[in-house]
Every structure is written in structure tokens, then in C-alpha cells.
Amino acid sequence: MDTSSTTSIPLAERIEELLCTEGPLPIVAAGDPVLRTVAEPYRGQLDDALLHRFVAALRETMLAAPGVGLAAPQVGVPLSIAVVEDRARGPRETLEARSRTPLAFRVLVNPSYEPEGETKSAFFEGCLSVPGWQAVVARHALIRLRAQDEQGQVIDELFTGWPARIVQHETDHLNGTLYLDVARLRSLSTNEAVAEYWSQPTPELAAATLGFELT
Ligand code: NI
């Protein structure tokens, strides 16, 4: 049943309208209902050319932010599509401690994941829809992702380390979940506080000082 005024406009029309403006798309912030909606599965609602233009705009918006992932609801579109890409820049010690390896640009259509094994790893992360803040999230260290790519090809792949974190964060968005829902809330810190106190490769000191569990 269609009860909201926003969903009564066909998605394709709304996306055409979004793409009328040049440059990165406006990012929707926490509090907007679209971020709490389960995204509609993608079943060819857009023609190939429009899907391609929309994905290109998502990527441009993600890179400009800058961020390492962006889900369609974050630009106000409740469709199960996300983009990810991480060039993994930063001090080598930090990259190694976080298993942060480069993640090539990917389009995830209708993604879902399940954990492989019990291991979790806890690190600070942030979200473009919650600007200015970071918090520690314990996430599965190894996941199996099932999705399709932009061409409809099946993706069935294992992800580990930081790429697994990114995939979980973006897939959660498509289910109406924000990282704060699964974060250690006592770790909540402004970007400035993270830079001043919690820039260590791992969050042990933050856990001991702010009073939260890592596992
Ligand atoms: Ni996010």
C-alpha cells in the first residue's frame, strides 16, 4: 500500500529530477524517514541509462564527501543500491591494524550478508548521514556477501577486514539501520575528539578511558 506522498511519485521521475543538478547530490541526514525505511529491492525500476547515471552520481557524491560508501537512501532514494570504494590512504600502521586494504569501486544491488564465524573487530567509524561524529562498532570480521552488480550479474563473495566493515555499514543502510544503532554509544565522539584523543590504530585506549566494551 502506498500511503506517503513521496513514494507516490515514481522513483525514476524522482531520480531524473535529482540528476538535473550538476555535481554531487545532497546527502540526507539522520532524522529523515528515508534512512529508516527498508529500501525497495531493485527490479529494473530504472532503465539502463538512468541506472548508469544514478550510479555515477552516487559515486561522484561518495568521492566528493569524501566517503568510502554511499547507499541510495542517503540521497533520498529508497532503492536497494549502494556504492563502495576505498583507496585506503593513511599511516601504514593504522591501515595494517584495521586490515584496511583497498576496495575497488563496486555497485551493490540488493545486497545481503551473513557472518562467517564468530570473530568481530571493533573500530571507530562514521557515516555521511551523521556528519561530525564517530563511534566504535564491533562488526563481523568475515562476511559472505550476496548481491548483484549493475549489470545484474550475481555477486557471491567473502569480504574481510575493513572492506567487510564498509559492506556491512552500507547494506545496513538499505535495511533502515544506522551505525549508531549498533555502536558502543559511550564511544560517541566528535571528529575533533577522535583527532585529539582517539587516533590510535586501535580503540583500546578509548574503551578503557570512555568506558565501553570492545567485544
Ligand atoms: Ni553511512
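# Notebook: a nickel site, two sheets and their helices

I began with the order of the metal-binding residues along the chain, and I noted that the donor residues of the nickel ion are spaced C-x41-H-x3-H. I then asked where the outer members of that pattern sit: Cys 127 lies in the loop between β4 (120-126) and β5 (133-140), while His 173 belongs to helix α4 (residues 161-174), so the pair ties together parts that are 46 residues apart in sequence. I wrote beside this that I am working with a predicted model.

**Entry on the nickel ion.** Which atoms of the protein serve as donors of the nickel ion? I found SG of Cys 127, NE2 of His 169 and NE2 of His 173, and they lie 2.1 to 2.3 Å from the ion. I also looked up whether Cys 127 is buried or exposed. Its relative accessibility is 9%, and because buried means under 20%, Cys 127 counts as buried. For His 173 the value is 1%, so His 173 counts as buried by that cut-off too.

**Entry on the three-stranded sheet.** I followed β4 and β5 away from the loop and found that they belong to an open sheet of three strands, ordered β4-β5-β8, in which the pairing is antiparallel. The edge strands are β4 and β8 (183-190), each of which pairs on one side only. From one strand to the next the twist averages 30°. Helix α4 packs on this sheet, where it touches β4 and β5, and its direction makes about 65° with that of β4.

I next went through the pairings in turn. Between β4 and β5 there are seven bridges in the antiparallel sense, and one pair I could pick out is Phe 123 with its bridge partner Val 137 in β5. These two strands form a hairpin with six residues between them, and in the turn I noted Gly 132, which has a positive phi of about 95°. On the other side, β5 and β8 pair in the antiparallel sense over four bridges; Trp 133 has Thr 190 of β8 as its bridge partner, and Gln 134 has Ser 189 of β8. I noted as well that β5 is mostly covered, since seven of its eight residues are buried.

**Entry on Gln 134.** I stayed with Gln 134, which lies in strand β5. How does Gln 134 count, as buried or as exposed? With a relative accessibility of 19%, and given that the limit for buried is under 20%, Gln 134 counts as buried. I left aside its neighbours within four places in sequence and listed its contacts, among them Phe 124, Glu 125, Tyr 179, Leu 188 and Val 194. I also checked the separation of Gln 134 from Glu 157, which is 23 residues away along the chain, and their C-alpha atoms are 28 Å apart.

**Entry on the five-stranded sheet.** I then turned to a second open sheet, which five strands form in the order β1-β2-β3-β6-β7, with antiparallel pairing. Its edge strands are β1 (69-71) and β7, and each pairs on one side only. The twist here averages 40° from one strand to the next.

Strand β2 (residues 81-86) is joined to β3 by five bridges, and the two run antiparallel; in this part I found Ile 81 standing opposite Val 109 of β3. Five bridges also join strand β3 (residues 103-115) to β6, and here Ser 112 has Arg 146 of β6 as its bridge partner. Arg 146 has Asp 156 as its bridge partner in β7. Strands β6 and β7 (residues 154-160) pair over seven antiparallel bridges, and they form a hairpin with five residues between them, where Gly 152 in the turn has a positive phi of about 90°.

Which residues of strand β6 make up its covered face? I found Ile 143, Leu 145 and Ala 147 there, whereas Leu 142, Arg 144, Arg 146 and Gln 148 make up the uncovered one.

**Entry on the helices.** I found α4 again at this second sheet, where it lies across β1, β2, β3, β6 and β7 and runs at about 70° to β3. Helix α2 lies across β1, β2 and β3, running at about 45° to β2. Last, I looked at helix α1 (residues 11-18) against helix α2 (residues 48-64): they pack at an angle of about 50°, with their axes 11 Å apart, which means that α1 is oblique to α2. The contact is made by Ala 12, Ile 15 and Glu 16 of α1 and by Leu 50, Arg 53 and Phe 54 of α2, and the crossing of the two helices is left-handed.

Definitions and conventions: Residues numbered from 1 in each chain as written. Predicted model: local features only at pLDDT ≥ 70, side-chain atom pairs only at ≥ 80, totals over all residues. Heavy atoms only, no water. Donors = N, O, S within 2.8 Å, 3.2 Å for Na, K, Ca; no water. Buried < 20%, exposed > 50% of the residue type's maximum accessible area, 1.4 Å probe, protein only. Pairing = 2+ DSSP bridges. Axes fitted to C-alpha atoms, helices over the stretch in contact; angles between N-to-C directions. Contact = heavy atoms within 4.5 Å. Parallel < 35°, antiparallel > 145°, perpendicular 65-115°, else oblique. Left-handed = near helix turned anticlockwise from the far one by under 90°.
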